[in-house]
Amino acid sequence: MQKEYKDFTDSKMELCEPLAAYSRSCKTPSLLASEKVSAEAGDIRVIELFAGVGGFRIGLERASERFKTVWNNQWEPSTKRQDASVIYCRQFGDAGHSNEDINTVSVNDIPDADMLVGGFPCQDYSVATTLKNSGGIEGKKGVLWWQIHRILRDHKTQPKYLMLENVDRLLGSPAVQRGRDFAIILASLSDLGYIVEWRVINAAEYGMPQRRRRTYIFAFRKDTPIASDMRGAVDWITSEGIMAKAFPAKNPDDKIWEFDIEGDLAEVSASFNKGKRLSPFKNAGIMTDRHVYTTDMKPDYQGPGVTLGEVLVSDSGVPSEFYIPESEVAKWEYAKGGKSEKRVNKATGFEYNYSEGAMAFPDSTDKPSRTIITGEGGAAPSRFKHVVMTSSGRYRRLVPVELERLNMFPDNHTAGASDMRRAFLMGNALVTGIVERIGLQIASRI
């Protein structure tokens with residue numbers, strides 16, 4: 001029997017009008033940003049950067065009504081279509097929305113806020129990027145970290161709290177100088193007066209429906225109530241901190257590594273961990289005054305979990321184009337299968353040996369799904385797209401609502417965009433349940 005998926009989605013969310021119709025009536029970016037969002041005493045005012053379709057906002061607003069997003073920015077430079085921006089406006093309203101290149105936004109146009117959040121673009125750190133082509137914090141996308149830094153440095157009222165998200169590879173990039181990029185981020189935040197904690201979290205290890213590993217960062221100024229609650233760095237990492245309370249874990253080796261990040265930012269960039277094979281940053285840690293405490297934590301979750309099968313819609317609700325024709329099944333089996341073969345570089349004629357392991361075909365429905373990637377959409381056979389088998393024995397791809405559920409978004413949150421774009425947007429999104437659990441801890445301590 002198909003389980004109704006009400007645990008993580010808003011059943012009241014209605015299908016919205018197509019994006020094209022909405023876009024024609026959408027106000028100009030300058031007008032959107034000038035309209036203010038009202039906040040009352042006791043509210044936690046939030047700035048959301050690189051907002052996408054609002055994953056941080058969904059998670060925080062589920063955690064507490066006190067979180068009020070007063071300003072947000074979403075701009076996609078690689079396309080004229082601003083689907084994410086239009087969806088964001090449609091779901092949350094126009095007030096406080098900026099659809100401009102963040103590089104051109106004046107800090108003076110950003111209102112005061114208590115917290116800044118954002119999943120800053122991760123292409124230069126992602127496992128989908130080859131080590132050779134990974135630019136890290138110097139890459140085309142990675143440099144957007146400095147826009148966060150600019151806002152924190154120059155705003156007349158510096159946000160007291162930060163919540164940031166990136167791929168787990170951030171802790172070890174770039175390949176030629178492991179951990180340098182994260183050290184730059186930590187050092188620059190320390191110089192601005194922040195204490196920073198982090199944890200690499202796999203959503204599925206805490207009962208959520210997708211195996212998605214990401215680095216989550218929470219930072220707080222030294223003059224905040226949360227800072228005054230901190231009695232010791234080790235206890236904060238293992239049991240008392242925001243991450244420790246939100247995501248219980250064990251420290252199996254009971255070992256903590258300590259070190260300082262020394263020098264100005266140029267020196268950190270040039271020399272941090274140079275010549276070392278491994279990054280010094282483990283999957284959890286905290287930094288205060290540039291002194292780092294870090295360790296490997298193992299999830300300690302005993303609650304229920306959601307499987308891929310539990311988020312699937314009934315077969316009758318799946319459009320025909322999502323079913324794989326019998327004539328195409330062999331191509332999918334090849335794409336998913338193990339390989340050891342000779343290939344030729346078309347540009348150079350160089351022949352080389354290529355090998356890769358097999359992937360499950362179809363995907364298992366009795367466990368959390370694999371990670372959604374931005375290339376999930378489209379009918380072409382692919383190694384990385386999800387394929388499930390229906391009760392009738394036919395293979396099919398996942399429909400957009402199922403991808404939304406895997407990230408714990410409301411059903412049809414991205415409706416109106418093409419199926420290809422909806423898949424892309426979910427591949428770029430985060431699991432909102434992670435933000436919700438962190439938000440619950442933040443709200444309880446402020």
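Select strand β10 (residues 284–288), of which both faces are covered: Ala284, Ile286 and Thr288 on one side, and Gly285 and Met287 on the other, are all buried. Buried here means under 20% relative accessible area, exposed over 50% and partly exposed in between, with a 1.4 Å probe and protein chains only. Because 5 of the 5 residues of β10 are buried, the strand is largely enclosed by the rest of the structure.

The model is predicted: local features need pLDDT of at least 70, side-chain atom pairs count only at pLDDT 80 or more, and totals for chains, interfaces and linings use all residues. Residues are numbered from 1 along each chain as its sequence is written, and side-chain values use heavy atoms, with hydrogens and water left out.

**The whole chain**

Now show the full protein chain, which holds 15 helices and 16 strands. These elements are DSSP runs numbered from the N terminus, helices being H or I with at least four residues and strands E with at least two. Of its 446 residues, 54% count as buried. Among contacts between residues at least 6 apart in sequence, 73% join residues at least 24 apart; a contact means heavy atoms within 4.5 Å.

**The neighbours of β10**

Return to β10 and add β11 (residues 291–295). The two strands run antiparallel and are joined by 5 bridges, with Ile286 having Tyr293 as its bridge partner in β11. They form a hairpin with 2 residues between them, and Asp289 in the turn has a positive phi of about 50 degrees. Next, select β6 (residues 194–202), which is joined to β10 by 4 bridges and runs antiparallel to it. Here Arg199 has Ala284 as its bridge partner in β10.

**The sheet**

Where do these strands sit in the order β3-β2-β1-β4-β5-β7-β6-β10-β11-β9? In this open sheet of 10 strands, with mixed pairing, β10 stands between β6 and β11. Two strands pair if DSSP finds at least two bridges between them. The edge strands, β3 (97–98) and β9 (257–260), each pair on one side only.

Move to β5 (residues 161–167) and β7 (residues 213–221), an antiparallel pair joined by 7 bridges. Val167 stands opposite Arg214 in β7. Then add helix α6 (residues 180–191), which packs on the sheet and touches β5, β6, β7, β10 and β11; its direction makes about 145 degrees with that of β6. Such axes are lines fitted to C-alpha atoms, for helices over the stretch in contact, and angles run from 0 to 180 degrees between N-to-C directions.

Select β1 (residues 44–49) next; 5 of its 6 residues are buried, so it is largely enclosed by the rest of the structure. Strand β1 runs parallel to β2 (residues 67–73), with 5 bridges between them, and Val46 has Thr69 as its bridge partner in β2. It also runs parallel to β4 (residues 115–118), with 4 bridges, and Leu49 stands opposite Gly118 in β4. Add α3 (residues 55–63): β1, α3 and β2 make a right-handed β-α-β unit. Right-handed means that, with the strands pointing away from the viewer, the path from the first strand over the helix to the second runs clockwise.

**Empty space**

Which residues line the largest cavity? Select Glu197, Trp198, Arg199, Trp236, Ile237, Met243, Ala244, Ala284 and Gly285. The space inside is about 30 Å³. On a 1 Å grid over the protein atoms alone, a cavity is a set of points where a 1.4 Å probe fits but cannot get out, while a pocket is an open set with protein on both sides within 12 Å along at least five of seven lines; lining residues have an atom within 4 Å of a point. Grid points are joined across faces, edges and corners, and a volume is the space filled by probe spheres set on the points. The largest share of the cavity lining, 3 residues, comes from β6.

Strand β6 also gives the largest share of the lining of the second largest pocket, 4 residues. That pocket has a volume of about 300 Å³. Of its 19 lining residues, the closest to its centre are Val200, Arg213, Lys282, Asn283 and Asp296.

**A last stop in β6**

Is Asn202, in strand β6, buried or exposed? Asn202 counts as buried because its relative accessibility is 11%. Leaving aside residues up to four places away in sequence, Asn202 touches Gln210, Arg211, Arg212 and Arg213.
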